[in-house]
Amino acid sequence: MKKRANRPLIAILSILVIPVIVYGVFELNSLTVDERELEKIYERQLESVLFSINQSVQDKVSDITTMMDRDLGVVSDSEWMDELSTYNFFWALYLKDANSPGEQLYTLGSHMDDGLEVVADSIYSENVAVFSRLLRYKEAGDFMKIEKSDSPFFNNGKELDFFFFVLGSGESAKYGIYFFDAVLMIEQYLVPKFQEIAREDFILTCRRISDGYLVYSTSDQAPNSIQSEPIDLLPKYEIGITRAGGTVEEAVNKRKSQSLLALGLLMLVMIMGIYLVFRNIQQEMKLAQKKADFVSNVSHEIRTPLALINMFAETLLMDRVRTEEKKKEYYGIITKEVSRLTNMINRILSFSKIEASKRTYDKRQLDLNEVVKDVFNTYSYHLENNGFQYDLNCHIERLLINADSEAMTEVLVNLIDNAMKYSLEEKQVTIKTGLKGQKAFVAVTDHGMGIPKNQLNKLFEKFYRVPNGDVHDTKGSGLGLTIVKHIMDAHEGTVEVHSVPDKGSTFKLIFPLYKEEDV
């Protein structure tokens, strides 16, 4: 039966959990795909930035060579020199006639000296093949190609860079070597470009490859990891780039961690929701089962006394009882069963009012001893008829409490009734009143079957009945202790339970003593 009862729960749990698992797997897969795409996007961004900087260098060099090609033979040497000197990175210009390479044409520049001319001649001699190739490009399509050089070169203690090019064409073609200070060129033309590109998204650096000298950085803090590439026309220098918030890999990992955390929290919330739904369903099913047991038990308890009342009433009505003693016995049985039905109905009505929050109490000053004695005197006949020995021990002083008399009677009757129902062998009930600190108490003790320790915290749940031994052979509604707990809470009292299986139980009701301000 229990396995069958759990099948709907397992089915519901499966219906709720499987979509969560599928969703989690789907999100993780989507997250992985997204991160790969993000990495590609970042890589393309970095490539785009590097391309933009290289293009800036290319454009500046093209501007210089185009200007020289345009003004060659048009302006005077001094005017040409003034125009070249507008660039603070310009160092010197070396030109040779392409058709008469043995003759030097120009050596311009404020830094040009005999030593530089000798070195320039040597460089020219070593790169005749390069100049010949550049001349073919120029004559084939009037295309001025720039040839970079990464050879180390120093003049007056200054490391210089240079590139090769060809000016003019035909008879007027000239071979050229342009000497310049690359550091000054980077500071004058690339720094603004760095700042424009970097903004707050990237960190850009420029270093000399040979010794790691930092020419410029858009950030005061050196990044831990950086992607670097040489500048096309400045091969001795490299551009470094990284994201301001860290490397691409760090950014991707950070976003992935955040996404995983969000997904984990979402999954946790969903799992908690499933757990709460599962628990609520389980509780509702238990409550439904308890209600079904309650209806079954109450129906049985109502049918039994009604059947007895009907049987003995018909017997008396048909005048089949010959002796007065037998009639008296039958009348006693009818009275007992009517009282039993009355108590059961009163208990159900009381519980119904409690559930509807309509139960009210007429609290006033009462002597707990007097209430207990009244209940005891009324119930003693019932105890005797059921073969119980009973004892009453009242405190010698008055125990004044602020309570509803009918509610107190109902509580005590419920406890005495339970003591009788669950004492199947040793039939003995003891009722005791007394003081516990500044509070009054009444205790009902039996020597019945007792209650297991693991069931004590469930005793006051509605419809709950201890599931062990012969407890289900003893019929009941499972409402008595629920009503007791509610009444005690309404009187600001507490219930203490001490029980040992097969030894008996003690239910102690503790009340605050009466105070004038309670009125």
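Leaving aside neighbours within four places in sequence, with which residues is Ser 149 in contact? The structure is a predicted model, in which local features need pLDDT of at least 70 and side-chain atom pairs count only at pLDDT 80 or more, whereas totals for chains, interfaces and linings use all residues. Residues are numbered from 1 along each chain as its sequence is written, and side-chain values use heavy atoms, with hydrogens and water left out.

Beyond that sequence window, Ser 149 is in contact (heavy atoms within 4.5 Å) with Phe 162, Phe 164 and Pro 235. Ser 149 lies in the loop that runs between strand S3 (147-148) and strand S4 (154-155). Helices (H or I, at least four residues) and strands (E, at least two) are DSSP runs, numbered from the N terminus. Because its relative accessible area is 10%, Ser 149 counts as buried; buried means under 20% relative accessible area, exposed over 50%, and partly exposed in between, with a 1.4 Å probe and protein chains only. The side chain of Ser 149 also reaches the backbone nitrogen of Ser 151, at 3.4 Å.

Helix H2 (residues 77-84) holds the buried residues Trp 80, Met 81 and Leu 84. Seen down the axis of H2, the buried residues fall within an arc of 100°, so they line one face of the helix; the arc is that of the directions from the helix axis to the C-beta atoms. An α-helix has 3.6 residues a turn, so residues three or four places apart point the same way.

An open sheet of four strands follows the order S9-S8-S11-S10, and its pairing is antiparallel. Two strands pair if DSSP finds at least two bridges between them. Strand S9 (214-217) and strand S10 (227-231) form the edges, each pairing on one side only. On average, neighbouring strands of this sheet are turned by 20° against each other, direction ignored. Five bridges connect S10 with strand S11 (residues 234-243) in the antiparallel sense, and the bridge partner of Glu 229 in S11 is Ile 239. Helix H5 (residues 182-198) lies across strand S8 (202-208), S9, S10 and S11, and runs at about 170° to S8. For such values, axes are lines fitted to C-alpha atoms, for helices over the stretch in contact, and angles run from 0 to 180 degrees between N-to-C directions.

Arg 208 is found in strand S8 and is buried, because its relative accessible area is 15%. Leaving aside neighbours within four places in sequence, the contacts of Arg 208 are Glu 159, Val 183, Tyr 213, Val 215, Lys 236 and Tyr 237.

Strand S18 (residues 504-512) is mostly covered, with eight of its nine residues buried. Strand S16 (residues 439-446) pairs with S18 in the antiparallel sense over seven bridges, and Phe 441 stands opposite Ile 510 in S18. Strand S17 (residues 494-500) likewise runs antiparallel to S18, joined by seven bridges; the bridge partner of Val 495 in S18 is Leu 509. S17 and S18 form a hairpin with three residues between them, and Asp 502 in the turn has a positive phi of about 70°.

With a disulfide taken as a pair of cysteine sulfur atoms within 2.5 Å, the count comes to zero disulfides. Cys 206 counts as buried because its relative accessibility is 0%, whereas Cys 394, at 26%, counts as partly exposed.

Notes
A polar contact is a pair of N or O atoms within 3.5 Å; within protein, one must be able to donate a hydrogen and the other to accept it, and residues adjacent in sequence count only if both atoms are side-chain atoms.
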